[in-house]
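Dear colleague,

I am passing on the structure we spoke about, with the sequence alongside. Below it you will find some notes on the aromatic rings, which I hope are useful to read with the model open.

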Amino acid sequence: MNSFSIRFLFLLLVLSIVLVTNTQSAETCIAEDGQQTSCDDEKQEELLSTSNDQNRQLSITITNKSPYRADIHWDDGRYGSHMSILEPNGGTSRLNTYPGHSFFVTRHGVKEGLYDPETDDQYRFTVATTTTKDNHFVIPENAAPSNNPCQDRFSVCATEAARGACWSSPGWMIVHCCKSCDDDLEASKLIDPKVRCSKERLNITEPTWKPGDLNALFESWASTSNSEYQKYEPKVLSSPGGEFGGIDGPWVITFDNFFNDEEAEALIRGGANVGFERSTDQGKMNALGEREKIVSKTRTSSNAWCIGACERDPNVKRVTSRIERVTHVPQKNYESFQILQYGHEQFYRSHHDSSGKDTSVSGHRILTFFLYLTDVEEGGETKFNGLGIQVKPKRGRALIWPSVKNEDPSEWDPRTYHEAMPVIKGTKYAANHWIHLNDYVGPNQWGCTGSFS
């Protein structure tokens, strides 16, 4: 073999090595799982399309064929975020969402899930990870609450139970995270409100008022010789027989100098931090003791419940303690401050703060202690419909009236129907404690008041 032949063979060998190297390089790409694999331009296009699908907003449709009004919640990994209300027997809603998002279904106004009666699985929907799949979900006709009331409603239940929530918030956890609290509390037994909410179990003993106590309290406020209360500038608008001032009727009284600007601002700020929402009414109670929340047609205000940091604010605590000293009713009988916001032309039509013969463990709301947190330029008065009394909002003013009768505090007094007149000019902020005949805090902690906020 001559030198030319040798050089030719060497060039062929080098060329084959280059070709092999180039071929291997062209086949090395990144796959969906992050590993190297073979690919070409077409494959890369497909992977890019899949990646874009994950971040592409899309629309889904949910149809409710069940006989229950339903709420749709996005599963945020905690308690769910409310997205939509579906009317029964065919109600439909469209939602904008993203691939991979999950949703769960509950009865409207409560977090009681709707289940498949055959499998006892709660209805949940997960959006397809590619846009080529049909994203139309249906709640079928036979969807219903589970026959087994002891369920975990949220994916976070086990975590909450592990950090001690079964003991710190027993009522809420029994109803919403029953399975996770069964070992700690025997929640499967306490899920029945007849067991959970008996007066004996909750140690509800003597009511705070006996016959005659109502008149005695208001008379002490009205007495001009009682300096303890005169500093609050009491004014009687109505009293039995008109004996202590005002018209002949149930007690209605104001304290025109009951709290200061700093305390008023603390309550307004507390409401804003909690978040004002459209006011709701209480609907029917289900078998677990939950009352349905219904958007009110008779009140257009917004409200917030002063709980957590709001309730711990020193100024807020000072106002509540003052109310306790004045009424001689312990704070355990109080609902948390409800903070109210009324904008232009917002109102609350005629209503009563209690009703009929209240057989609940907490008993009637015996007193409303209502605080005006702002002046209002025009409108916003509290009007007692059958008494011809209207009270104008004024910062620092407290308005107090009973909802029950002096001779029998377990019986409501229908004479104290009242309404919030529309705000014509300005914004009205107010706050109130509803005060009960019996302990309210204990029954509320154990889920025995119908409220599970």
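Two rings of Phe, Tyr or Trp (for Trp, the six-membered ring) are taken as a pair if their centres lie within 6.5 Å. Please keep in mind that this is a predicted model. By that criterion, the structure holds 19 aromatic pairs.

One of these is formed by F244 and W251, whose ring centres are 5.6 Å apart and whose planes make an angle of 45 degrees, so that the pair falls between the limits of 30 and 60 degrees and counts as tilted. The two partners can be told apart by their exposure: F244 has a relative accessible area of 30% and is therefore partly exposed, while W251, at 2%, counts as buried.

Another pair joins F384 and W401, with 5.2 Å between the centres and 85 degrees between the planes, which means that the pair is edge-to-face. Because F384 belongs to strand 23 (residues 382-384) and W401 to strand 25 (residues 398-402), the pair ties together parts that are 17 residues apart in sequence. Both F384 and W401 are buried.

F244 and W251 also belong to a cluster linked by ring pairs, which takes in F218, W221, Y232, F255, F258 and F369 as well.

Finally, there are charged side chains placed over rings. The charged end of R365 sits over the ring of W434, at 3.6 Å from the ring centre, and the charged end of K428 sits over the ring of Y342, at 4.7 Å from the ring centre.

With best wishes

Note on methods:
Residues are numbered from 1 along each chain as its sequence is written. This is a predicted model: local features need pLDDT of at least 70, side-chain atom pairs count only at pLDDT 80 or more; totals for chains, interfaces and linings use all residues. Side-chain values use heavy atoms; hydrogens and water are left out. Buried means under 20% relative accessible area, exposed over 50%, partly exposed in between (1.4 Å probe, protein chains only). Helices (H or I, at least four residues) and strands (E, at least two) are DSSP runs, numbered from the N terminus. A charge sits over a ring if NZ of Lys or CZ of Arg is within 6 Å of the ring centre and within 35 degrees of the ring normal.
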